[in-house]
Amino acid sequence: MGAAGSGKGTMSAKIVALEHIPHISTGDMFRAALKEETSLGLEAKKYMDKGLLVPDEITIAMVEERLRKDDCKAGYLLDGFPRTLAQAKSLEKMADEIGRPLQIVLNLEVSKDLLIKRITGRRLCPVCGAIYNTEFNPPKVEGICDNDGAALIQRKDDTVEQLEVRLKEHNDNTRPVIEYYRTHGLVHEINGEQATDDVFNQIVNALDTVRN
Ligand SMILES: [Zn+2]
């Protein structure tokens, strides 16, 4: 769990490489379902085209379909799900059904000031996909990719205004989910403001506490 800019994507990639488990990202699943034009993908598109959040039942159905695949039998990492209490309760049921109940919830905490710097400073290379930050990880030449010399771009929704919208959504919907998992004793707080390796070390230590 973590807000936009908390480092969820980076840490997810490192966790699945360490644990050899599938990375279940609802964002990636929506993009894939849209591309493949599955019935759930087309249903989700109706809402996304109007700028609305995809209803819980569609998101839940998509995750359920994914969790039932064989590669989840040895475990899985969820990223971007559950985002609402209704999703959390459905997940509890389906995770029990496949015999893989949640073992741990990692909550990446990053202050709003730092999130703003990370998001508004983010620049992408449209050619090779490299990600830079004007403050924390600048390219050698301003605005130019180190790898291929392409002009860097800023994503349209990487603005303070859009971040405020995402943070509000996170506070309204996802904070209660974290509280719910806290009462179940599943949450490990991770200080997401440290260097990448230090954040990951905290995660490895947390994972060690639930290793069989
Ligand atoms: Zn590049």
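In the predicted model, the buried residues of helix α5 are covered by elements that include α4 (56-67), β2 (77-79) and α7. The residues of α5 that are buried are Gln-87, Ala-88, Leu-91, Met-94 and Ala-95, and because they cover an arc of only 130° around the axis, they are placed on the same side of α5. The helix itself, spanning residues 85-97, has 13 residues and reaches 19 Å from its first C-alpha to its last, which is close to the 18 Å expected at 1.5 Å a residue. Following α5 is Gly-99, a residue whose phi is positive, near 70°.

A zinc ion is coordinated by the SG atoms of Cys-125, Cys-128 and Cys-145 and, through two OD contributions, by Asp-148, at 2.2 to 2.7 Å. The donor residues of the zinc ion follow the sequence spacing C-x2-C-x16-C-x2-D. Within this set, Cys-128 lies in the loop between β4 (122-124) and β5 (131-133), whereas Asp-148 lies in the loop between β5 and α7 (160-183), so that the pair ties together parts that are 20 residues apart in sequence. With a relative accessibility of 39%, Cys-128 counts as partly exposed, and Asp-148, at 35% relative accessibility, likewise counts as partly exposed; the range for this class lies between the 20% cut-off for buried and the 50% cut-off for exposed residues.

Aromatic side chains take part in further contacts. The structure holds one aromatic pair, and the charged end of Lys-14 sits over the ring of Phe-200, 5.0 Å from the centre of that ring.

Key: Residues numbered from 1 in each chain as written. Predicted model: local features only at pLDDT ≥ 70, side-chain atom pairs only at ≥ 80, totals over all residues. Heavy atoms only, no water. Donors = N, O, S within 2.8 Å, 3.2 Å for Na, K, Ca; no water. Helix = DSSP H or I, 4+ residues; strand = E, 2+ residues; numbered from the N terminus. Buried < 20%, exposed > 50% of the residue type's maximum accessible area, 1.4 Å probe, protein only. Phe/Tyr/Trp six-rings, centres within 6.5 Å; stacked < 30°, edge-to-face > 60°. Lys NZ or Arg CZ within 6 Å of the ring centre and 35° of its normal. Expected span 1.5 Å × (residues − 1). Arc of directions from axis to C-beta. Contact = heavy atoms within 4.5 Å.
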